[in-house]
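Here is a model to talk through together, with the reasoning behind each label. Please have a look at it first.

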Amino acid sequence: MAAILRIDLETRTISRRELESHELLLGGRQLTSTLVAAEVPPQCEPLGKRNKLVLACGPLAGTLVSCANRLSIGAKSPLTGGIKESNAGGMTGYMMGRLGLRAVVLEGKPAVPGWTLIRLSASGVELLDGNDYVGLGVMEKARRLFERFGSKTALTLIGPAGERLQLAAGIANTDPDGEPSRYNGRGGLGAVMGSKGVQGIVYDIADVPKETFVDRDAFMEAHREVGKRINSSPQTAQVYRTYGTAAMMDATSAMGALPTRNFSTGSFEGYEKINAEAMHKLILERGGDGAVSHACMVGCLVKCSNIFPDSEGRKLCSPVEYENLGLLGSNLGLDNLDTIARLNRMCNDLGYDTIEMGAALGVAMEMGLASFGDSEGALRLMREVGEGTSLGRILGSGAGITGKVLGCTRVPVAKNQALAAYDPRAVKGVGVTYAVSPQGADHTAGNTVKSPVKQHLKDGQETVSRNAQVGFTVMDNLGMCILCSGGLGDLGVVTDLLKARWGVETTVETVRRQAWETVLLEREFNRKAGFTPAHDQLPEFFRDEPNPANGQVFDVPDEAMQTVYSETPL
Amino acid sequence: MISVALDIRLPWRREKLVLSLPENAALKDALVAADISDHLELVFVVRANCMLHADDMLANDDVLLVLPAMLGG
């Protein structure tokens with residue numbers, strides 16, 4: 001059983017349609033983008049009634065297969081103006097699967113201003129009054145909702161950022177510990193949820209029957225094989241599990257790819273104070289609530305997450321990951337893990353995307369609102385964001401708007417969305433992805449850092465970007481975490497799982513073809529929304545200013561970048 | 001022969017080595033000599049800010065950083 005649930009916030013009507021047999025493998029980004037492309041007018045106001053917010057899990061959600069319970073959320077993005085999908089870990093994808101839902105579509109806009117809380121359970125859908133939660137931080141909101149609905153529920157929430165319709169607003173999901181810090185962070189999707197007047201969704205699986213399988217034995221056999229592979233791969237079982245994604249920092253700093261002081265260079269002199277080993281050592285020294293390894297989803301064997309404690313051993317932030325260390329750390333010239341964790345926690349509690357806010361703060365520092373390396377200055381700016389002052393509202397609108405208001409010409413955005421923690425002058429393939437992807441600057445749209453190409457040379461980058469975009473979209477469509485792909489290897493085991501669960505055959509080739517079709521569909525939506533090849537650009541300064549760490553500019557020709565979508569990937 | 005220094009910074013192994021290799025040695029030869037060949041897909045090797053690949057040729061006095069390969073997060 002898998003259904004698409006629709007909730008119209010204007011008419012307050014609810015409808016549910018079971019997927020037909022040929023639709024049973026639809027999920028994740030493929031489903032969000034298919035529904036958005038089919039039902040949202042490309043030129044509509046992203047915060048208006050014609051936009052739709054689609055939450056979709058993958059076809060393995062609701063099972064205990066490692067890494068298979070991601071939650072995709074899609075809509076027309078108020079930040080980029082194009083189509084957007086952002087996915088997150090946490091418990092909500094699993095809960096959706098257990099509730100027999102493949103997607104929840106939030107439509108319309110309240111006729112009368114007010115806030116709704118949605119509860120999904122075995123008894124159906126309830127639209128509850130959400131006005132009592134207005135203005136609360138995400139953590140306090142989660143605490144009250146767990147108190148009201150029970151600690152075994154899971155939550156999807158916006159914070160003050162989403163309520164204010166801020167363009168950097170994300171959507172939080174609770175993890176197995178009830179921590180609401182698993183973010184569909186990118187693209188301002190929290191503002192879309194806020195525009196629907198929805199404070200949050202409560203998932204309750206009490207009294208829900210156990211999951212069913214067409215062939216339980218075959219499913220369990222493939223399930224065991226996934227576990228065996230993840231547990232025997234040094235990458236997933238040792239690197240990610242011991243050091244988390246933060247282990248990337250040594251390589252990016254060595255390659256000149258680590259954003260430092262608003263992308264003014266790609267190597268940070270203080271990286272050894274904030275890298276994976278420094279964080280690992282500090283977490284172990286402090287003990288208490290701290291944990292160097294932690295699962296963000298039920299069933300996850302990779303456990304790349306962590307719990308960063310304060311000096312008293314109390315949980316300060318979970319998780320602290322590579323992108324946040326890059327954007328909220330080196331990009332601000334900060335070499336203090338406590339400051340980075342505090343900034344990260346503030347973003348999480350207020351409901352902001354850490355990447356977008358790190359980039360916005362970097363622009364603000366470049367324009368003199370604080371100094372690079374000034375911990376107190378960075379925290380002060382974030383407090384302004386939380387208080388909703390005029391400056392705070394500007395920063396919360398993202399790096400692009402912050403740059404325009406402050407008169408900055410060095411603004412690290414593509415399609416108005418902040419670049420992640422890979423300098424495109426050092427990893428040029430990801431620079432191509434940032435520039436041309438319909439998702440805007442987003443490393444999860446196609447990170448090429450492991451691709452077989454000379455990362456600092458211009459040749460062949462369009463090809464590796466194209467292939468990476470397919471590979472990452474495959475995982476997004478399956479509702480699976482990209483971080484297990486190294487350990488998983490051949491995806492045949494996943495098609496075995498799909499067949500055993502749903503009785504529907506597919507092949508790895510079909511899954512890859514559908515991934516590419518998803519990207520092309522998104523690209524077509526953007527074309528109809530008004531995007532042209534002129535929008536497939538990185539900021540000029542990446543082409544003009546050599547990265548002092550490696551002497552390189554971004555020099556992949558426009559003509560080469562425009563071939564990304566005209567050829568079929570390998 | 002050429003002399004190549006390896007600074008191995010892997011979670012499962014931390015070590016500094018100086019290898020003597022033939023004149024036409026490639027990176028893969030150095031990784032075999034350092035007993036890292038089993039983990040070829042799992043490491044990034046960086047020389048002077050540039051990531052190397054298995055068939056890249058090495059030169060005398062090269063200094064190579066051997067780091068865990070990641071996908072970010």
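What follows is a set of questions and answers on rings, backbone, burial, a helix and empty space.

Q: What should I know about the model and its numbering before we start?
A: This is a predicted model, in which local features need pLDDT of at least 70 and side-chain atom pairs count only at pLDDT 80 or more, while totals for chains, interfaces and linings use all residues. Residues are numbered from 1 along each chain as its sequence is written, chains are lettered from A and ligands numbered from 1 in the order in which they are written, and side-chain values use heavy atoms, with hydrogens and water left out.

Q: Why is the pair of Phe263(A) and Phe542(A) called edge-to-face?
A: Rings of Phe, Tyr and Trp (its six-membered ring) pair if their centres lie within 6.5 Å; planes under 30 degrees apart count as stacked, over 60 as edge-to-face and the rest as tilted. Here the centres are 5.7 Å apart and the planes stand at 85 degrees, so Phe263(A) and Phe542(A) are an edge-to-face pair. By this rule there are five aromatic pairs over all chains.

Q: What makes this pair a link between distant parts of the chain?
A: Phe263(A) sits in the loop between helix 8 (248–255) and helix 9 (271–274) of chain A, and Phe542(A) in helix 22 (residues 540–544) of chain A, 279 residues apart. Helices (H or I, at least four residues) and strands (E, at least two) are DSSP runs, numbered from the N terminus.

Q: How do you know whether Phe263(A) is buried or exposed?
A: Buried means under 20% relative accessible area, exposed over 50%, and partly exposed in between (1.4 Å probe, protein chains only). Phe263(A) has 0%, so Phe263(A) is buried. Phe542(A) is at 0% as well, so Phe542(A) counts as buried too.

Q: Why is the pair of Trp516(A) and Tyr565(A) called stacked?
A: The ring centres of Trp516(A) and Tyr565(A) are 5.7 Å apart and the planes are at 20 degrees, so this pair is stacked. Trp516(A) belongs to helix 21 (residues 508–529) of chain A, and Tyr565(A) to the segment after helix 23 (558–561), 49 residues apart. Both Trp516(A) and Tyr565(A) are buried.

Q: What makes Arg410(A) a charge over the face of Phe541(A)?
A: A charge sits over a ring if NZ of Lys or CZ of Arg is within 6 Å of the ring centre and within 35 degrees of the ring normal. Arg410(A) lies over the face of Phe541(A), at 4.3 Å from the ring centre. Phe541(A) is also in a cluster that ring pairs make with Phe263(A) and Phe542(A).

Q: What makes the peptide bond between Ser318(A) and Pro319(A) cis?
A: Omega is about 0 degrees for the cis peptide bond that joins Ser318(A) and Pro319(A). Pro319(A) is in the loop between strand 15 (315–317) and helix 11 (322–327) of chain A.

Q: Why does Asp207(A) count as exposed, and Lys303(A) as partly exposed?
A: Asp207(A) has a relative accessible area of 74%, so Asp207(A) is exposed. Lys303(A) is at 35%, so Lys303(A) counts as partly exposed. Asp207(A) has a positive phi of about 70 degrees although it is not a glycine, and phi of Lys303(A), also a residue other than glycine, is near 55 degrees.

Q: How do you know that the span of helix 1 of chain A agrees with the expected one?
A: The expected span of a helix is 1.5 Å times one less than its number of residues. For the 12 residues of helix 1 (residues 28–39) that gives 16 Å, and the end C-alpha atoms are 17 Å apart, which agrees.

Q: What makes a space a cavity, and how many are there?
A: On a 1 Å grid over the protein atoms alone, a cavity is a set of points where a 1.4 Å probe fits but cannot get out, and a pocket is an open set with protein on both sides within 12 Å along at least five of seven lines; lining residues have an atom within 4 Å of a point. By this rule there are four cavities of 30 Å³ or more. The second largest cavity holds about 90 Å³, where a volume is the space filled by probe spheres set on the points, and grid points are joined across faces, edges and corners. Its lining includes Tyr243(A), Asp250(A), Arg9(B) and Pro68(B).
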